[in-house]
Amino acid sequence: VVMAPNKKLPDDVDKRREILSTALEIFVKEGYFSTTGASIAKAIVISEKELFSYFETKEDLLHTIVEEAVHLLFDGIDPNEDGELQEVELLFFINDYFDSVEKNLRFFKLFYALRLQPGVVPLYKQELDEIVSMKFDVLNEYFSQSGAADPEMETEFLTSMLEGIAMNFVLEPEGYPIDAMQQKVLNMYVTKAEYEE
């Protein structure tokens with residue numbers, strides 16, 4: 001008996017990434033609320049049933065995209081997961097944040113465009129707050145230990161500044177002084193000795 005050659009199907013991780021990437025592009029192009037599972041499945045050339053075997057709902061796709069953005073941006077906080085942030089770890093976080101935005105420029109361009117669509121943020125805001133709250137608690141504790149008058153405001157300021165820089169870079173990467181911005185943030189938050197080692 002002659003058997004047909006075994007055609008390798010993409011493994012689950014690759015297919016999930018393809019679905020997420022395509023869904024994000026379509027959410028931005030057509031609008032999140034106008035996008036259907038059928039339109040995503042058609043673009044990937046799979047059935048809607050197969051699409052929803054990877055992700056239960058369109059909202060599940062959105063939540064997974066948000067989780068990916070959060071992991072890319074905030075996993076650098078407390079990398080050894082001991083609940084304590086050292087200055088060298090803050091240095092790592094700031095550098096990792098900038099590196100993630102630069103390396104994933106297309107993703108963040110699409111992600112920020114999706115976030116700006118009316119009504120999208122409330123769909124994931126509670127989940128986002130839950131995901132980042134532990135990370136922000138670590139930053140709050142670090143700023144408290146560092147003597148900040150208002151640690152929560154310092155955390156909010158740092159993360160808002162980083163996000164603002166990232167959004168400006170994503171909007172107009174050509175000619176944007178991303179390296180100078182990164183150095184400016186490092187100068188504000190990390191003693192020179194830490195990043196010269």
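1. Let's start with the cavity. In this predicted model, the largest cavity is lined by Tyr97, Phe98, Val101, Leu162, Ile165, Ala166 and Ile178. Two elements each give two or more residues to that lining: α5 (87-103) and α8 (151-171).

2. What kinds of residue make up the lining of the largest cavity? They divide into seven nonpolar, no polar and no charged, so Tyr97 goes in with the nonpolar group here, as Tyr counts as nonpolar in this scheme.

3. On size, the volume of the largest cavity comes out at about 30 Å³. The structure holds one cavity of 30 Å³ or more. As background, rolling a probe the size of a water molecule over the atoms is what shows where empty space is left.

4. Now to Asn140. You'll find Asn140 in helix α7, which covers residues 121-145. Is Asn140 buried or exposed? Asn140 has a relative accessible area of 15%, so it counts as buried, the cut-off being under 20%.

5. Which residues does Asn140 touch, leaving aside those up to four places away in sequence? The contacts are Pro151, Glu152 and Thr155. If you have the viewer open, α8 is the element spanning 151-171.

6. Lastly, confidence. The protein chain has a mean pLDDT of 90, with 91% of its residues at 70 or more. The stretch to watch is residues 1-10, where pLDDT stays under 50. For residues 1-10 the model has one contact beyond four places in sequence. Where pLDDT is low, predicted coordinates should not be read in detail.

Technical notes: Residues are numbered from 1 along each chain as its sequence is written. This is a predicted model: local features need pLDDT of at least 70, side-chain atom pairs count only at pLDDT 80 or more; totals for chains, interfaces and linings use all residues. Side-chain values use heavy atoms; hydrogens and water are left out. Helices (H or I, at least four residues) and strands (E, at least two) are DSSP runs, numbered from the N terminus. Buried means under 20% relative accessible area, exposed over 50%, partly exposed in between (1.4 Å probe, protein chains only). Contact means heavy atoms within 4.5 Å. On a 1 Å grid over the protein atoms alone, a cavity is a set of points where a 1.4 Å probe fits but cannot get out, and a pocket is an open set with protein on both sides within 12 Å along at least five of seven lines; lining residues have an atom within 4 Å of a point. Grid points are joined across faces, edges and corners, and a volume is the space filled by probe spheres set on the points. pLDDT is the predictor's confidence in each residue, from 0 to 100.
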